[in-house]
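Me: Please take a close look at one part of this structure for me, and then show how it sits in the rest. An informal tour is fine.

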Amino acid sequence: MPVDVDARVVSNIRLSDDYNVVCLDAPALALGAQPGQFVMIKPVTGFEPLLRRPFSIFEVLPTSNSAPTGFSLLNKRVGIGTEILYSVEVDQEIRCLGPLGVPFTLVGPPQEAWIVAGGVGLAPFLTLASALQQSGTPTTLFYGGRRSADLFYLDAFTQLGVELVLATEDGSRGESGLVTAPLERALTASVVSAKPTLYACGPTPMMRTVAGLAAAHGRPCQVSLEPVMGCGMGGCYSCVVPVCNSEDEPTHFVRACLEGPVFDSQTITWNRL
Amino acid sequence: MDLNVDIGSLRLKNPLIAASGCFGYGVEYAEVVNLKTLGGIAVKGLFLSEREGHNPPRIVETPAGMLNAIGLQGIGVHRFVAEKLPDLYSQGATVIVNICGSTIDEYVEITRILADADGVNAIELNISCPNIKAGGITFGNSAVGTSEVVQAVRSVTKLPIIPKLTPNVTDIAGIARAAEEAGADAVSLVNTFLAMAIDVETRRPALSNGVGGLSGPAIRPIAVRMVYECSQAVTIPIIGMGGIMTARDVLEFIIAGATAVQVGTANFVNPNLWPKLLADLKEYLSRHNIERVQDLVGTLELTETQVWNSS
Ligand SMILES: Cc1cc2nc3c(=O)[nH]c(=O)nc-3n(C[C@H](O)[C@H](O)[C@H](O)COP(=O)(O)O)c2cc1C
């Protein structure tokens, strides 16, 4: 059940000129949060900007097994809301509504989990990786960014026992190019051994490619979509995505805030997204 | 303290109503809002059949507001009656069903279905959605069209009928008058203002539909003026809306002449704003020694030079 709380900023960790992690004190919200769920954040109390923004829950804090005190957000400044979040001050209060949305469906051993993240698309995966670690599920993270300095929290994933496959567009870390290239090779090589379930979040073209690869290799794939949202509650019908659940059903729009943000990639009508 | 207000034969327990299209079918908010504490819930606009709506992007933020072109995606009246209404009814919600039609027959048909269902308290005629080409707006744009729809619906139901007016006209008071003469129990206003936002990098409209409706605090002063204008023209109750965020804004509409108000965009910002709105409204009434909220309706004080009439 979602709660709407004024969460105090505990820390604002600048990761780079564009990225930061904001840690928020919000026990009631963090308590029920599941991997893949999101919160609606009001970056300022006034009207500029007016609406809230959806953010994935990056970590449930503390990251140890003690009772949750809050959560963190991975933020990349791209517009007015994320710009404000980049420069929040400690002790400032931010209104947060959540947890919201359908979480990831977890696989368990002996199955493997392959996570595919592009840029800020890493956001929903730290909580997922911890849940997978708890069940002892072998997990690999395919993580791509523009350059080495855009790849974050690698140690945190390594500590969770996650195997890393990195790619940067400028070749400054890991493989040069898009992360979908090593993913494709791994899928081709894994036909007989690993039977991975894929989890993807990132730019739409990346997710479309991952969905295509998953389908071609007959692997299940869950994607976390990030459309523009107005309310996060199912009230406004802005965040719709085109889905088709069966062949005898036409593509129709469903609200990502209620039926997502996590979707089975096979149900998405990608050429209309 | 008496917060009841009357909209035709319908008594609302307070003047605060959730605006259509900004509160889903109501049930979406049940975990966060105690639905029966609202004066009413105007549900998402319904056609006879299901509707797909426009392609995304469907909203864009603008200064102190937003544009939307949802395109009235909806489940249609049959599924609403079967799947949503029983839930609303059992939770004690006061339900105002917002309906849309491409033809007068469609309005009439939907009304017949709703009049036979349990749990419908009033019908709001959406003759003012700016985002769809063939639809209610062609009626709401003129006094004659408004009158035709209201009369046709009036002839098939005793439920309170509330035509919802568009602000995208030169003489909204004339349209309110036509609605009253045709037998409406109240009028609600305003729907959104037809507007446009452009991405200057791509030189394309920000919305896939090209144009959309402006809502939020940006429109409030125009909406207040229109409510005042209509209150000078009709005797039936007015339900005012447009940019309400706080109890102060609610009071502005009531003083201008609204018997009740609707809150739309503010739900997106603060999904459970209702308890505070109600508490602040009560605080005002007690501070001003006003026993009944109805006594505040249309109590605007004007000096001689401030008297203004559009016609
Ligand atoms: C996303 C959105 C969807 C809307 N859908 C409807 C609708 O289905 N029917 C209707 O009569 N008005 C609809 N409206 C208009 C609102 O009910 C209201 O008239 C308008 O937004 C002004 O009030 P506000 O500034 O409080 O939002 C919609 C408004 C928004 C923002």
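The part I'd like to start from is Glu59(A) in strand 5 of chain A.

Reply: Quick ground rules before we dive in. Residues count from 1 along each chain as its sequence is written, while chains are lettered from A and ligands numbered from 1 in the order in which they are written. The model is predicted, so local features need pLDDT of at least 70, side-chain atom pairs count only at pLDDT 80 or more, and totals for chains, interfaces and linings use all residues; side-chain values use heavy atoms, with hydrogens and water left out.

Now to your residue. Glu59(A) belongs to strand 5, residues 59-61 of chain A (helices, H or I, have at least four residues and strands, E, at least two; both are DSSP runs numbered from the N terminus). Glu59(A) is buried and has no salt bridge. Buried means under 20% relative accessible area, exposed means over 50%, and partly exposed is in between, with a 1.4 Å probe and protein chains only. A salt bridge needs a side-chain nitrogen of Lys or Arg within 4 Å of a carboxyl oxygen of Asp or Glu. For Glu59(A), the nearest side chain of opposite charge is Arg14(A), 15 Å away (Lys and Arg count as positive, Asp and Glu as negative; His and the chain ends are not counted).

What does the side chain of Glu59(A) pair with in a polar contact? Ser72(A): their side chains are joined at 2.4 Å. A polar contact here is a pair of N or O atoms within 3.5 Å; within protein, one must be able to donate a hydrogen and the other to accept it, and residues adjacent in sequence count only if both atoms are side-chain atoms. Leaving out residues up to four places away in sequence, Glu59(A) touches Val21(A), Gly70(A), Phe71(A), Ser72(A), Leu126(A), Thr127(A) and Tyr153(A), where contact means heavy atoms within 4.5 Å.

Zooming out to the chain around it: chain A has seven helices and 16 strands, and 54% of its 273 residues are buried. Contacts between residues 24 or more positions apart make up 64% of those with a separation of 6 or more. A compact globule of 273 residues would have a radius of gyration near 19 Å, and the 18 Å of chain A agrees with that (it is taken over C-alpha atoms, and the globule rule is 2.2 Å times the number of residues to the power 0.38). The C-alpha trace of chain A spans about 55 × 45 × 35 Å along its principal axes.

A couple of backbone spots in chain A are worth a click too. The peptide bond from Glu48(A) to Pro49(A) is cis, with omega near 0°, and Pro49(A) sits in the loop between strand 3 (38-42) and strand 4 (53-56). Asp91(A), in the loop between helix 2 (80-86) and strand 7 (93-100), has a positive phi near 80° although it isn't glycine; Asp91(A) is exposed at 52%.

Since Glu59(A) lacks a salt bridge, here are some charged residues that do have one. The count over all chains is 25. In chain B, Arg292(B) and Asp2(B) meet at 3.7 Å, N to O. Arg292(B) comes after helix 9 (274-287) and Asp2(B) before strand 1 (5-7), so this pair ties together parts 290 residues apart in sequence. Arg292(B) is partly exposed at 34% relative accessible area, as is Asp2(B) at 23%.

Arg248(B) has two partners to look at. One is Asp249(B), with the closest N and O atoms 3.2 Å apart; Asp249(B) is buried at 4%, whereas Arg248(B) is partly exposed at 47%. Another is Glu252(B), at 2.6 Å, N to O. Glu252(B) and Arg248(B) both lie in helix 7 (residues 247-256) of chain B, four residues apart, about one turn of the helix. Back in chain A, salt bridges with shared partners join Asp4(A), Asp6(A), Arg52(A) and Arg95(A) into one network.

One last stop in chain B: Leu72(B), between strand 6 (65-68) and helix 1, is another non-glycine residue with positive phi, near 55°. Leu72(B) is buried, at 6%.
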